[in-house]
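Q: I'm new to this structure, so please take me through one part of it slowly.
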Amino acid sequence: MVVPFLFLSSLILFFLLHCSPTLAQSPAAAPAPPGPTNVTKILEKAGQMSLFIRLLKATQEDVTLNGQLNNTDNAITIFAPGDSAFSSLKSGTLNSLNDQEKAELVQFHIIPQFLSSSQFQTVSNPLTTQAGSGGRLELNVTTTGNSVNITTGLTNASVSGTIYTDNQLAVYQVDKVLLPLDIFTPKPPSPAPAPAKPKKTSKAADSPDAPGDASGAVSFTVLNNVVFFGIALVAVMFSS
Ligand SMILES: *[C@@H]1O[C@H](CO)[C@@H](O)[C@H](O)[C@H]1NC(C)=O
Ligand SMILES: *[C@@H]1O[C@H](CO)[C@@H](O)[C@H](O)[C@H]1NC(C)=O
Ligand SMILES: *[C@@H]1O[C@H](CO)[C@@H](O)[C@H](O)[C@H]1NC(C)=O
Ligand SMILES: *[C@@H]1O[C@H](CO)[C@@H](O)[C@H](O)[C@H]1NC(C)=O
Ligand SMILES: *[C@@H]1O[C@H](CO)[C@@H](O)[C@H](O)[C@H]1NC(C)=O
């Protein structure tokens with residue numbers, strides 16, 4: 001009686017040992033694509049992505065992404081808005097952004113983990129983006145049946161298709177440009193343009209130096225209002 005039991009147990013153990021690496025997506029299982037992954041190329045092939053590609057290039061995020069993908073330890077999901085998503089933005093939206101905000105906007109569409117379409121159902125919100133973590137830089141994914149929606153607090157978008165997927169990179173088309181709260185809602189003024197490399201955590205930490213530098217009394221009032229609205233917004237968020 002003992003022998004069949006042992007045999008059965010070891011059979012189960014064998015089965016578990018052999019199956020769990022597949023479930024846990026061992027990086028070794030990724031089929032090597034010919035040459036390093038090139039995100040721009042993937043998006044060009046999809047078509048109707050010229051504005052997103054232009055933003056990726058302008059912010060050098062294409063180089064960053066390809067570099068990250070050259071290391072099989074990194075996994076990435078991209079929510080790529082098509083040209084029609086950009087054209088439905090309020091006019092001037094992109095032009096109003098400085099270089100750092102443009103980079104942040106692009107990074108907001110990139111999730112530093114691989115999400116297969118079935119994982120959307122079980123993913124735990126909120127999702128940290130390449131732009132950073134914290135409520136103003138995160139987004140939520142919700143699903144009903146086969147439809148996948150994304151909300152940022154400002155934008156409600158839907159995933160409209162899969163452009164590319166291997167075990168390391170997934171690229172989905174979304175029907176809207178995802179606008180992060182961090183850029184498009186009033187916030188406490190951050191002093192002076194941040195230094196070259198935008199480090200996500202340092203933003204709020206600096207002391208507000210020289211706000212009156214080039215501005216007069218008028219912009220100081222504007223500054224006060226921005227602070228007031230920022231505080232009011234936080235208060236509303238916490239009380240609801
Ligand atoms: C990626 O593909 C684009 C478009 O096909 C090309 O212009 C670019 O040189 C490629 N980048 C690399 C690093 O191969
Ligand atoms: C990819 O990584 C390898 C090994 O680290 C390196 O030799 C190669 O230059 C990298 N290629 C690109 C396109 O970054
Ligand atoms: C997803 O978005 C669509 C259209 O924007 C909407 O009809 C649907 O109710 C949303 N589903 C969820 C789960 O939010
Ligand atoms: C995202 O989900 C988290 C956790 O469920 C929630 O606290 C947060 O309010 C949601 N944010 C948005 C913008 O829906
Ligand atoms: C997004 O969806 C939520 C919940 O369905 C809704 O309350 C909110 O007004 C929508 N926001 C926009 C900008 O459409």
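Which residues are around ligand 1?

A: Happy to help! Residues are numbered from 1 along each chain as its sequence is written, while chains are lettered from A and ligands numbered from 1 in the order in which they are written. This is a predicted model, where local features need pLDDT of at least 70, side-chain atom pairs count only at pLDDT 80 or more, and totals for chains, interfaces and linings use all residues; side-chain values use heavy atoms, with hydrogens and water left out.

Around ligand 1 you will find Asn-38, Lys-41 and Glu-44 (a residue counts as near if one of its heavy atoms lies within 4 Å). From the side chain of Asn-38, an N or O atom is 2.3 Å from an oxygen atom of ligand 1. For Glu-44, the distance from a side-chain N or O atom to an oxygen atom of this ligand is 3.3 Å. On its own, ligand 1 has 360 Å² of accessible area, and the protein covers 39% of it (areas come from the Shrake-Rupley method with a 1.4 Å probe).

Now look at ligand 3, which has Thr-142, Thr-144, Asn-149 and Ser-158 around it. Here the side chain of Asn-149 has an N or O atom 2.3 Å from an oxygen atom of ligand 3. The protein buries 38% of the 360 Å² that ligand 3 exposes when taken alone.

A word on confidence: pLDDT, the predictor's confidence in each residue from 0 to 100, averages 77 over the protein, and 64% of the residues score at least 70.

Methods: A polar contact is a pair of N or O atoms within 3.5 Å; within protein, one must be able to donate a hydrogen and the other to accept it, and residues adjacent in sequence count only if both atoms are side-chain atoms.
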